[in-house]
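Please look through the sequence and the model below before reading on. The report that comes after them is written for a reader who is new to protein structure.

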Amino acid sequence: MRKKRVSIKDIAAHLNISVTTVSFVLNGKAEEKHISKELTKKVLEYARKVNYSPNQIAQSLRTGKSKILVFMVEDISNPFFALLARLVEDIAYQKGYKVLFCSNDNDDGKSIELINLFRDRQVDGFIIVPSPELEGTVKSLLLDNIPVVILDRYFSSLEANYVLTNNKEATEVAVNHFIENGFKNIAYITIDAIQSQMEDRLLGYVSVAKQQGIPNLSLEIPFEETTRGNSEVYIRKFMKQHPSIDAFLFATNYLTLAGLKVIKKDYPGLIEKVGIITFDDNELFETYSPSITAISQPMQEMANNAMSLILSLINKKKAFDDFERITLKSSLKVRESSVRRNSK
């Protein structure tokens with residue numbers, strides 16, 4: 001037989017005190033309400049003894065808050081999003097919130113289905129890395145005054161709260177770094193998808209190539225092909241078509257891994273000569289030989305700003321029509337793979 005949940009009323013009846021007094025103690029307001037330390041101790045000890053836990057549904061109905069946030073990313077297994085999720089979770093937990101994580105796989109249908117599901121569950125807010133055509137769904141959340149923060153990418157025609165990084169400028173810095181180190185035939189490997197951050201990165205590459213008078217060697221792999229594990233096929237074919245390539249800039253960490261596999265398998269020895277820079281750093285890139293130069297996005301700052309915005313909206317410290325677009329600066333972590341090497 002299922003054991004009955006202990007309620008505040010049960011605690012009050014056992015200790016022969018008012019329900020209000022028990023509520024104040026359990027909600028940390030004993031001192032504020034001038035409840036004695038002795039009585040406070042008695043309530044807390046008995047609550048622990050009977051394994052009291054608050055009824056979250058009743059609490060949500062009473063306060064109008066579920067204390068639950070949704071963090072939607074493209075792919076939670078991607079190290080970039082996994083680390084970002086962990087940082088968001090840590091901040092949320094410190095603030096008394098729990099986080100539900102989900103992946104949209106860059107699929108609008110899945111994004112909409114998940115958002116509607118969590119919306120019906122009356123979560124307190126959404127931090128969203130949106131799929132390409134999610135603008136209308138996000139707009140409907142905003143019109144209903146549901147707290148939303150868009151992360152990593154943006155919709156040019158939608159006013160909302162955004163936390164972004166300077167993708168175009170970061171790419172320009174990386175390409176110029178290659179050129180300063182003597183690389184001239186710089187391939188840019190990216191995905192062919194309607195994503196603002198990818199469009200900005202490509203724009204940065206094309207801009208520098210034109211300014212510096214170097215060939216535009218860009219490869220855009222269909223996003224669906226990357227999810228099917230076919231990136232290596234495209235990179236291998238591209239390298240055969242352009243044997244003069246002397247450096248690679250990869251737009252994502254998973255494309256970098258695919259490129260490294262092709263180089264290792266099909267071009268042994270080239271790794272010591274070719275230049276390599278990846279977007280999105282992780283500690284594994286430091287362990288490669290040569291170590292891999294990376295464009296490092298400010299993960300902690302991204303998490304801090306996203307959580308600050310969402311909590312300000314939830315707690316009504318920020319007006320819903322007071323939109324902010326926070327753009328943070330990435331840094332180039334220079335390692336062995338992008339500098340002049342004697343063996344080149």
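The following paragraphs describe a sheet, a helix, two nonpolar cores and some salt bridges in this structure, which is a predicted model.

**The open sheet**

Six strands make up an open sheet, and read across the sheet their order is β2-β1-β3-β4-β5-β11, with parallel pairing. The edges are taken by β2 (98–103) and β11 (325–328), and because each of these has a single partner strand, one side of each is left without a neighbour in the sheet. Averaged over the sheet, and with direction ignored, neighbouring strands are turned by 15° against each other.

At one edge, strand β1, which covers residues 68–73, runs parallel to β2 and is joined to β2 by six bridges. Within this pairing, L69 has V99 of β2 as its bridge partner. At the other edge, strand β5 (residues 162–165) and β11 also run parallel, and four bridges join them. Here V163 is the residue that stands opposite I326 in β11.

Which side chains of β11 are buried, and which are not? The side chains alternate along the strand, so to speak, face by face: I326 and L328 point to one face and are buried, whereas R325 and T327 point to the other face and are not buried.

**A helix with two sides**

Helix α1 spans residues 8–15, and its buried residues are I11, A12 and L15. These residues cover an arc of only 100° around the axis, which means that they lie on the same side of α1. An α-helix has 3.6 residues a turn, so residues that are three or four places apart point the same way. On the other side of α1, the residues K9, A13 and H14 are exposed. The buried residues of α1 pack against two further helices, α2 (19–26) and α3 (37–49). After α1 comes N16, a residue whose phi is positive, near 60°.

**The nonpolar cores**

The largest nonpolar core contains 43 residues, and those with the most contacts inside it are V175, I186, I189, I235, F248 and L249. Two or more residues are given to this core by each of the elements α8 (167–180), β6 (186–192), α9 (196–212), β7 (217–222), α11 (231–241), β8 (247–250), α12 (253–266) and β9 (275–279). Apart from this core lies another one, of 30 residues, and among its members are A85, A92, V129 and V149.

F248 can serve as an example from the largest core. This residue lies in strand β8, and because its relative accessibility is 1%, F248 counts as buried. Which residues does F248 touch, not counting residues up to four places away in sequence? They are F178, A187, I189, M239, I263, V274, G275, I276 and I277. For I189, one of these contacts, the separation along the chain is 59 residues, yet the C-alpha atoms of F248 and I189 are separated by 7.2 Å.

**Salt bridges**

Side chains of opposite charge can pair when their charged atoms come close. The structure holds 14 salt bridges, and the table lists some of them with the distance between their N and O atoms.

| Salt bridge | N to O distance |
|---|---|
| R153 and D152 | 3.1 Å |
| E286 and R335 | 3.9 Å |
| E324 and K318 | 3.0 Å |

In the pair of E286 and R335, E286 belongs to helix α13 (residues 283–287) and R335 to the segment after β12 (331–333), so this salt bridge ties together parts that are 49 residues apart in sequence. Are the two partners buried or exposed, or in between? E286 has a relative accessibility of 49% and therefore counts as partly exposed, while R335, at 16% relative accessibility, counts as buried.

In the pair of E324 and K318, E324 is partly exposed, with a relative accessible area of 34%, whereas K318, at 8% relative accessibility, counts as buried. Salt bridges that share partners also join E74, D152 and R153 into one network. Within this network, R153 and D152 form a salt bridge with each other, and both of these residues are buried.

Definitions and conventions: Residues are numbered from 1 along each chain as its sequence is written. This is a predicted model: local features need pLDDT of at least 70, side-chain atom pairs count only at pLDDT 80 or more; totals for chains, interfaces and linings use all residues. Side-chain values use heavy atoms; hydrogens and water are left out. Two strands pair if DSSP finds at least two bridges between them. Axes are lines fitted to C-alpha atoms, for helices over the stretch in contact, and angles run from 0 to 180 degrees between N-to-C directions. A salt bridge is a side-chain nitrogen of Lys or Arg within 4 Å of a carboxyl oxygen of Asp or Glu. Buried means under 20% relative accessible area, exposed over 50%, partly exposed in between (1.4 Å probe, protein chains only). A nonpolar core is a set of buried Ala, Val, Leu, Ile, Met, Phe, Trp, Tyr and Cys residues joined through side-chain atoms within 4.5 Å. Contact means heavy atoms within 4.5 Å. The arc is that of the directions from the helix axis to the C-beta atoms.
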